[in-house]
Amino acid sequence: MDSQFILDRIQTNYPLFSAKEKKLADFFLKYRNNSTNMNIGDLAEKTGTSPSTITRFCKKLGCQSFIEFKVLLNSRMLDHQAHQDVMNQVKSYYLETIDSTAMMISLEKLNQVVQSILTAKKICIYGVGNSGLSAMEFKYRLMRMGFIVDAMTDSHMMLMNAALCQKNDLIIAISNSGMTKEITEAAGEAKSRGAHVIAVTNHDHTPLTDVSDTILLTSNTLHLRDAHFFNNQLAIVYVIDLITMQLLEEARLEQKRKETVDVLVKHKKI
(Lines give C-alpha, C1' and ligand atoms only; values in the text may rest on other atoms or scores of the structure.)
Protein backbone atom coordinates (compact mmCIF):
# COMPACT_ATOMS: atom_id res chain seq x y z
CA MET A 1 0.00 0.00 0.00
CA ASP A 2 1.47 3.38 -0.98
CA SER A 3 0.54 7.04 -1.47
CA GLN A 4 -1.32 6.43 -4.72
CA PHE A 5 -3.40 3.69 -3.12
CA ILE A 6 -4.34 6.03 -0.27
CA LEU A 7 -5.29 8.84 -2.68
CA ASP A 8 -7.38 6.42 -4.74
CA ARG A 9 -9.17 5.20 -1.61
CA ILE A 10 -9.93 8.80 -0.60
CA GLN A 11 -11.29 9.53 -4.06
CA THR A 12 -13.47 6.47 -4.57
CA ASN A 13 -14.93 6.49 -1.05
CA TYR A 14 -15.45 10.26 -0.89
CA PRO A 15 -19.30 10.08 -0.96
CA LEU A 16 -19.23 7.90 2.19
CA PHE A 17 -17.37 10.44 4.32
CA SER A 18 -19.06 12.72 6.83
CA ALA A 19 -18.96 16.48 6.28
CA LYS A 20 -15.88 16.86 8.49
CA GLU A 21 -14.16 13.86 6.92
CA LYS A 22 -14.74 15.44 3.50
CA LYS A 23 -12.84 18.51 4.75
CA LEU A 24 -9.91 16.22 5.48
CA ALA A 25 -10.25 14.45 2.13
CA ASP A 26 -10.29 17.78 0.28
CA PHE A 27 -7.20 18.92 2.17
CA PHE A 28 -5.18 15.79 1.41
CA LEU A 29 -6.23 15.70 -2.25
CA LYS A 30 -5.28 19.33 -2.76
CA TYR A 31 -2.41 19.89 -0.31
CA ARG A 32 -0.72 16.52 0.08
CA ASN A 33 2.75 18.07 0.18
CA ASN A 34 1.75 20.45 3.00
CA SER A 35 0.77 17.61 5.33
CA THR A 36 4.26 16.11 5.56
CA ASN A 37 5.36 17.88 8.74
CA MET A 38 1.97 18.46 10.37
CA ASN A 39 1.03 16.74 13.61
CA ILE A 40 -2.54 15.67 14.29
CA GLY A 41 -3.29 18.81 16.34
CA ASP A 42 -2.02 21.15 13.60
CA LEU A 43 -4.07 19.31 10.99
CA ALA A 44 -7.22 19.46 13.12
CA GLU A 45 -6.81 23.22 13.54
CA LYS A 46 -6.02 23.73 9.85
CA THR A 47 -9.08 21.79 8.64
CA GLY A 48 -11.55 22.77 11.36
CA THR A 49 -11.89 19.17 12.54
CA SER A 50 -10.68 17.27 15.61
CA PRO A 51 -8.00 14.64 16.37
CA SER A 52 -10.71 12.01 16.89
CA THR A 53 -12.22 12.79 13.46
CA ILE A 54 -8.78 12.47 11.87
CA THR A 55 -8.21 9.10 13.56
CA ARG A 56 -11.60 7.79 12.36
CA PHE A 57 -10.84 9.05 8.86
CA CYS A 58 -7.49 7.21 8.81
CA LYS A 59 -9.07 3.98 10.03
CA LYS A 60 -11.73 4.17 7.30
CA LEU A 61 -8.84 4.11 4.83
CA GLY A 62 -7.33 1.00 6.41
CA CYS A 63 -4.66 2.73 8.54
CA GLN A 64 -4.24 2.06 12.24
CA SER A 65 -3.14 5.61 13.07
CA PHE A 66 -2.47 9.07 11.66
CA ILE A 67 1.27 8.30 11.73
CA GLU A 68 0.79 5.24 9.51
CA PHE A 69 -1.44 7.30 7.21
CA LYS A 70 1.25 9.99 6.83
CA VAL A 71 3.98 7.44 6.12
CA LEU A 72 1.89 5.86 3.36
CA LEU A 73 0.77 9.21 1.98
CA ASN A 74 4.36 10.36 1.54
CA SER A 75 5.81 7.03 0.43
CA ARG A 76 5.77 7.77 -3.27
CA MET A 77 5.50 11.54 -3.45
CA LEU A 78 6.39 13.13 -6.78
CA ASP A 79 9.09 15.78 -6.56
CA HIS A 80 7.40 18.61 -8.43
CA GLN A 81 10.33 20.89 -7.76
CA ALA A 82 12.31 18.73 -10.18
CA HIS A 83 9.83 19.44 -12.96
CA GLN A 84 9.99 23.16 -13.49
CA ASP A 85 9.38 23.15 -17.23
CA VAL A 86 5.85 22.62 -18.46
CA MET A 87 6.68 19.64 -20.69
CA ASN A 88 7.96 17.50 -17.82
CA GLN A 89 5.23 18.73 -15.49
CA VAL A 90 2.38 17.73 -17.82
CA LYS A 91 4.14 14.45 -18.58
CA SER A 92 4.25 13.68 -14.84
CA TYR A 93 0.55 14.49 -14.47
CA TYR A 94 -0.38 12.22 -17.36
CA LEU A 95 1.69 9.33 -16.03
CA GLU A 96 0.31 9.70 -12.51
CA THR A 97 -3.30 9.78 -13.77
CA ILE A 98 -2.85 6.74 -16.01
CA ASP A 99 -0.96 4.75 -13.35
CA SER A 100 -3.68 5.49 -10.82
CA THR A 101 -6.48 4.45 -13.20
CA ALA A 102 -4.65 1.26 -14.17
CA MET A 103 -4.50 0.31 -10.49
CA MET A 104 -8.29 0.67 -10.20
CA ILE A 105 -9.26 -1.54 -13.14
CA SER A 106 -8.73 -5.29 -13.17
CA LEU A 107 -8.45 -7.34 -16.35
CA GLU A 108 -11.45 -9.32 -15.15
CA LYS A 109 -13.59 -6.18 -14.93
CA LEU A 110 -12.36 -4.99 -18.33
CA ASN A 111 -13.29 -8.33 -19.89
CA GLN A 112 -16.76 -8.10 -18.32
CA VAL A 113 -17.30 -4.74 -20.01
CA VAL A 114 -16.01 -6.05 -23.35
CA GLN A 115 -18.35 -9.04 -23.12
CA SER A 116 -21.30 -6.74 -22.40
CA ILE A 117 -20.48 -4.72 -25.52
CA LEU A 118 -20.10 -7.85 -27.65
CA THR A 119 -23.47 -9.25 -26.60
CA ALA A 120 -25.49 -6.01 -26.60
CA LYS A 121 -28.34 -5.65 -29.06
CA LYS A 122 -27.71 -1.91 -29.25
CA ILE A 123 -25.48 0.48 -27.33
CA CYS A 124 -25.98 4.06 -26.20
CA ILE A 125 -23.39 6.22 -24.47
CA TYR A 126 -24.46 9.09 -22.18
CA GLY A 127 -22.31 12.09 -21.30
CA VAL A 128 -22.67 15.85 -20.84
CA GLY A 129 -20.09 18.64 -21.05
CA ASN A 130 -16.56 17.31 -21.44
CA SER A 131 -17.83 13.80 -20.80
CA GLY A 132 -20.12 14.29 -23.78
CA LEU A 133 -17.03 14.69 -25.97
CA SER A 134 -15.68 11.41 -24.62
CA ALA A 135 -19.05 9.79 -25.31
CA MET A 136 -18.90 10.91 -28.95
CA GLU A 137 -15.33 9.64 -29.31
CA PHE A 138 -16.34 6.26 -27.89
CA LYS A 139 -19.30 6.14 -30.29
CA TYR A 140 -17.06 6.63 -33.32
CA ARG A 141 -14.68 3.92 -32.12
CA LEU A 142 -17.52 1.40 -31.77
CA MET A 143 -19.20 2.44 -35.03
CA ARG A 144 -16.02 1.65 -36.95
CA MET A 145 -16.17 -1.88 -35.55
CA GLY A 146 -19.72 -2.37 -36.77
CA PHE A 147 -21.68 -1.93 -33.53
CA ILE A 148 -25.14 -0.39 -33.49
CA VAL A 149 -24.33 2.56 -31.23
CA ASP A 150 -25.29 6.14 -30.54
CA ALA A 151 -24.17 8.83 -28.11
CA MET A 152 -26.46 11.22 -26.25
CA THR A 153 -25.25 14.52 -24.82
CA ASP A 154 -28.63 16.21 -24.27
CA SER A 155 -30.77 15.41 -21.21
CA HIS A 156 -34.04 15.20 -23.15
CA MET A 157 -32.54 12.87 -25.75
CA MET A 158 -31.10 10.67 -23.00
CA LEU A 159 -34.47 10.24 -21.33
CA MET A 160 -36.22 9.51 -24.63
CA ASN A 161 -33.58 6.95 -25.45
CA ALA A 162 -33.86 5.43 -21.99
CA ALA A 163 -37.63 5.13 -22.35
CA LEU A 164 -37.13 2.96 -25.43
CA CYS A 165 -34.54 0.65 -23.89
CA GLN A 166 -35.16 -3.07 -23.71
CA LYS A 167 -33.50 -6.17 -22.36
CA ASN A 168 -30.07 -6.79 -23.97
CA ASP A 169 -29.55 -3.07 -24.63
CA LEU A 170 -26.43 -1.52 -23.13
CA ILE A 171 -25.98 1.93 -21.61
CA ILE A 172 -22.50 3.32 -20.96
CA ALA A 173 -22.81 6.33 -18.64
CA ILE A 174 -19.79 8.65 -18.33
CA SER A 175 -19.62 11.07 -15.40
CA ASN A 176 -16.52 12.11 -13.47
CA SER A 177 -18.46 12.95 -10.32
CA GLY A 178 -21.13 10.28 -10.56
CA MET A 179 -23.52 12.99 -9.38
CA THR A 180 -24.68 14.39 -12.75
CA LYS A 181 -28.46 14.42 -12.45
CA GLU A 182 -29.18 14.08 -16.17
CA ILE A 183 -26.93 11.03 -16.48
CA THR A 184 -28.23 9.35 -13.34
CA GLU A 185 -31.90 9.85 -14.23
CA ALA A 186 -31.49 8.48 -17.74
CA ALA A 187 -29.32 5.55 -16.61
CA GLY A 188 -31.83 4.66 -13.90
CA GLU A 189 -34.73 4.80 -16.38
CA ALA A 190 -32.86 2.58 -18.84
CA LYS A 191 -32.04 0.06 -16.12
CA SER A 192 -35.68 -0.09 -15.03
CA ARG A 193 -36.56 -1.17 -18.58
CA GLY A 194 -34.04 -4.01 -18.65
CA ALA A 195 -30.89 -2.38 -20.03
CA HIS A 196 -27.47 -3.21 -18.62
CA VAL A 197 -25.75 -0.06 -17.30
CA ILE A 198 -21.99 0.47 -17.19
CA ALA A 199 -20.69 3.51 -15.29
CA VAL A 200 -17.34 5.14 -16.05
CA THR A 201 -16.70 7.47 -13.12
CA ASN A 202 -14.24 8.76 -10.51
CA HIS A 203 -16.30 7.90 -7.42
CA ASP A 204 -18.03 4.84 -6.01
CA HIS A 205 -21.13 4.99 -3.77
CA THR A 206 -22.82 7.73 -5.84
CA PRO A 207 -26.29 8.04 -7.42
CA LEU A 208 -24.81 6.82 -10.72
CA THR A 209 -23.01 3.78 -9.32
CA ASP A 210 -26.13 2.91 -7.32
CA VAL A 211 -28.08 2.37 -10.57
CA SER A 212 -25.22 0.70 -12.47
CA ASP A 213 -24.57 -2.99 -13.02
CA THR A 214 -20.85 -2.61 -13.79
CA ILE A 215 -18.51 0.15 -12.58
CA LEU A 216 -15.19 1.24 -14.08
CA LEU A 217 -13.45 3.61 -11.67
CA THR A 218 -11.04 6.20 -13.06
CA SER A 219 -8.55 8.55 -11.44
CA ASN A 220 -9.61 12.07 -10.50
CA THR A 221 -7.11 14.75 -11.55
CA LEU A 222 -7.89 16.71 -8.35
CA HIS A 223 -5.14 14.74 -6.61
CA LEU A 224 -2.57 16.27 -8.96
CA ARG A 225 -2.68 19.43 -6.84
CA ASP A 226 -2.41 21.92 -9.71
CA ALA A 227 -5.33 24.20 -10.58
CA HIS A 228 -3.83 24.83 -14.01
CA PHE A 229 -4.24 21.19 -15.03
CA PHE A 230 -7.82 20.84 -16.25
CA ASN A 231 -7.88 17.70 -18.41
CA ASN A 232 -10.49 15.76 -16.46
CA GLN A 233 -11.11 13.37 -19.37
CA LEU A 234 -7.62 11.88 -19.56
CA ALA A 235 -8.42 8.85 -17.40
CA ILE A 236 -11.69 8.27 -19.28
CA VAL A 237 -9.93 8.34 -22.66
CA TYR A 238 -7.42 5.84 -21.26
CA VAL A 239 -10.30 3.52 -20.31
CA ILE A 240 -11.82 3.92 -23.79
CA ASP A 241 -8.44 2.96 -25.25
CA LEU A 242 -8.29 -0.16 -23.05
CA ILE A 243 -11.75 -1.27 -24.16
CA THR A 244 -10.98 -0.51 -27.81
CA MET A 245 -7.74 -2.51 -27.78
CA GLN A 246 -9.45 -5.45 -26.11
CA LEU A 247 -12.32 -5.44 -28.62
CA LEU A 248 -9.91 -5.34 -31.56
CA GLU A 249 -8.50 -8.67 -30.43
CA GLU A 250 -11.61 -10.03 -32.19
CA ALA A 251 -10.64 -10.60 -35.84
CA ARG A 252 -14.10 -9.73 -37.18
CA LEU A 253 -14.11 -6.38 -35.40
CA GLU A 254 -10.63 -5.54 -36.65
CA GLN A 255 -11.78 -6.40 -40.17
CA LYS A 256 -14.80 -4.10 -39.92
CA ARG A 257 -12.61 -1.30 -38.59
CA LYS A 258 -10.26 -1.79 -41.53
CA GLU A 259 -13.18 -1.67 -43.99
CA THR A 260 -14.46 1.64 -42.60
CA VAL A 261 -10.97 3.15 -42.69
CA ASP A 262 -10.46 1.94 -46.29
CA VAL A 263 -13.70 3.61 -47.36
CA LEU A 264 -12.65 6.91 -45.78
CA VAL A 265 -9.27 6.71 -47.47
CA LYS A 266 -10.89 5.85 -50.79
CA HIS A 267 -13.06 8.97 -50.64
CA LYS A 268 -10.17 11.07 -49.29
CA LYS A 269 -11.90 11.83 -45.99
CA ILE A 270 -8.78 11.12 -43.94
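Tutor: Two strands count as paired when DSSP finds at least two bridges between them. The model discussed here is predicted, and in it six bridges join strand 3 to strand 4 (residues 196–201).

Student: What makes strand 3 and strand 4 a pair, and which way do they run?

Tutor: The requirement is at least two bridges, and these strands have six, so they pair. Strand 3 and strand 4 run parallel. One of the bridges links Ile172 to its partner Ile198 in strand 4.

Student: How do you know which strand pairs with strand 3 besides strand 4?

Tutor: Strand 1 (residues 123–126) and strand 3 are joined by four bridges in the parallel sense. Four meets the minimum of two, so this is a pair as well. Cys124 has Ile171 as its bridge partner in strand 3.

Student: What is the order of the strands in the sheet?

Tutor: The sheet is open, has five strands in the order 2-1-3-4-5, and pairs in parallel. Strand 2 (149–152) and strand 5 (214–217) are the edge strands.

Student: Why are strand 2 and strand 5 called edge strands?

Tutor: Each of the two pairs on one side only. For strand 2, the pairing is with strand 1, parallel and over four bridges; there, Val149 is the bridge partner of Ile123. Across the sheet, neighbouring strands are turned against each other by 15° on average, direction ignored.

Student: What makes strand 3 (residues 170–175) largely enclosed?

Tutor: A residue is buried when its relative accessible area is under 20%. Six of the six residues of strand 3 meet that condition, so the rest of the structure largely encloses the strand.

Student: Which residues of strand 3 point which way?

Tutor: Leu170, Ile172 and Ile174 point one way, while Ile171, Ala173 and Ser175 point the other way, and all are buried. Such alternation between the two faces of the sheet is what side chains do in a regular strand. For the whole chain, 45% of the 270 residues count as buried.

Student: Why are helix 2 and helix 4 described by the term for their crossing angle, and what is that term?

Tutor: The axes of helix 2 (residues 19–30) and helix 4 (residues 51–60) come within 10 Å and cross at roughly 70°. Angles of 65 to 115 degrees count as roughly perpendicular, and therefore the term for helix 2 and helix 4 is roughly perpendicular. On the helix 2 side, the contact is made by Lys20, Glu21, Leu24, Ala25 and Phe28; on the helix 4 side, by Thr53, Ile54, Arg56, Phe57 and Lys60. By class, the residues of this contact are five nonpolar, one polar and four charged.

Student: Why is Arg56 of helix 4 called buried, exposed or partly exposed?

Tutor: Arg56 has a relative accessibility of 45%. Buried needs under 20% and exposed over 50%, so the value falls in between and Arg56 counts as partly exposed.

Student: How do you know that Glu185 and Lys181 form a salt bridge?

Tutor: The closest N and O atoms of Glu185 and Lys181 are 4.0 Å apart. The cut-off is within 4 Å, so the pair is at the limit and counts. Both residues lie in helix 10 (residues 181–192), four residues apart, about one turn of the helix.

Student: What makes the labels for Glu185 and Lys181 differ in accessibility?

Tutor: Glu185, at 40%, is partly exposed. Lys181, at 57%, is over the 50% limit and so counts as exposed.

Student: What supports the salt bridge of Arg257 with Glu254?

Tutor: Their closest N and O atoms are 3.0 Å apart, which is within the 4 Å cut-off, so the pair counts. Arg257 and Glu254 are three residues apart in helix 13 (residues 251–266), about one helical turn. Arg257 at 31% is partly exposed, and so is Glu254 at 27%. Elsewhere, Glu137, Arg141 and Asp241 are joined into one network by salt bridges that share partners.

Student: How many salt bridges does a search of the whole structure find?

Tutor: The search finds nine. Among them is the bridge between the side chains of Glu189 and Arg193, at 2.8 Å from N to O. Glu189 is partly exposed at 28%, as is Arg193 at 40%.

Methods. Residues are numbered from 1 along each chain as its sequence is written. This is a predicted model: local features need pLDDT of at least 70, side-chain atom pairs count only at pLDDT 80 or more; totals for chains, interfaces and linings use all residues. Side-chain values use heavy atoms; hydrogens and water are left out. Axes are lines fitted to C-alpha atoms, for helices over the stretch in contact, and angles run from 0 to 180 degrees between N-to-C directions. Angles under 35 degrees count as roughly parallel, over 145 as roughly antiparallel, 65 to 115 as roughly perpendicular and the rest as oblique. Contact means heavy atoms within 4.5 Å. Ala, Val, Leu, Ile, Met, Phe, Trp, Tyr, Cys and Pro count as nonpolar, Asp, Glu, Lys and Arg as charged, and the others, Gly among them, as polar. Buried means under 20% relative accessible area, exposed over 50%, partly exposed in between (1.4 Å probe, protein chains only).
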